[in-house]
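Hi,

Here's the structure I promised to pass on. Have a look, and my notes follow underneath.

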Amino acid sequence: MLKGTLRRLRRIRKSSAVVGGPVVGTQMTFRAEVMPGRETHERTFAVERILTSGRIELANLQGEHTLTEFEPLPEFEASRC
């Protein structure tokens with residue numbers, strides 16, 4: 001059972017990588033729930049580096065972040081339909 005689950009997770013990870021993700025320089029906006037009380041322009045940062053784990057580092061912000069912390073990008077929404 002665990003072996004099948006691991007295979008399924010690997011397949012999902014590979015398929016999502018094919019769809020694409022943010023590229024260096026893309027503007028990403030944190031969801032309002034992550035940074036409450038801040039305006040959109042205060043929650044928007046440029047992608048500085050994409051790590052092999054799928055996490056990203058942002059310019060002018062310390063730490064690594066996942067895509068679930070951000071508002072969806074328009075090109076990802078179109079590819080999921």
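Buried residues (under 20% relative accessible area with a 1.4 Å probe, protein chains only; exposed is over 50% and partly exposed in between) make up 23% of the 81 residues in the protein. Do keep in mind that this is a predicted model, where local features need pLDDT of at least 70, side-chain atom pairs count only at pLDDT 80 or more, and totals for chains, interfaces and linings use all residues. Residues are numbered from 1 along each chain as its sequence is written, and side-chain values use heavy atoms, with hydrogens and water left out.

As for the fold, the protein has 2 helices and 4 strands (DSSP runs: H or I of at least four residues for helices, E of at least two for strands, numbered from the N terminus). Starting at the N terminus, the order is α-β-β-β-β-α.

On the inside, the largest nonpolar core (buried Ala, Val, Leu, Ile, Met, Phe, Trp, Tyr and Cys joined through side-chain atoms within 4.5 Å) has 9 residues: M28, F30, M35, F45, V47, I56, L58, F70 and L73. At least two residues of this core come from each of β2 (44-50) and β3 (56-58). Setting aside neighbours within four places in sequence, F45 is in contact (heavy atoms within 4.5 Å) with T26, Q27, M28, F30, M35, L58, A59, N60 and L61.

Over in helix α1 (residues 2-19) you'll find L6, which counts as partly exposed because its relative accessibility is 37%.

Cheers
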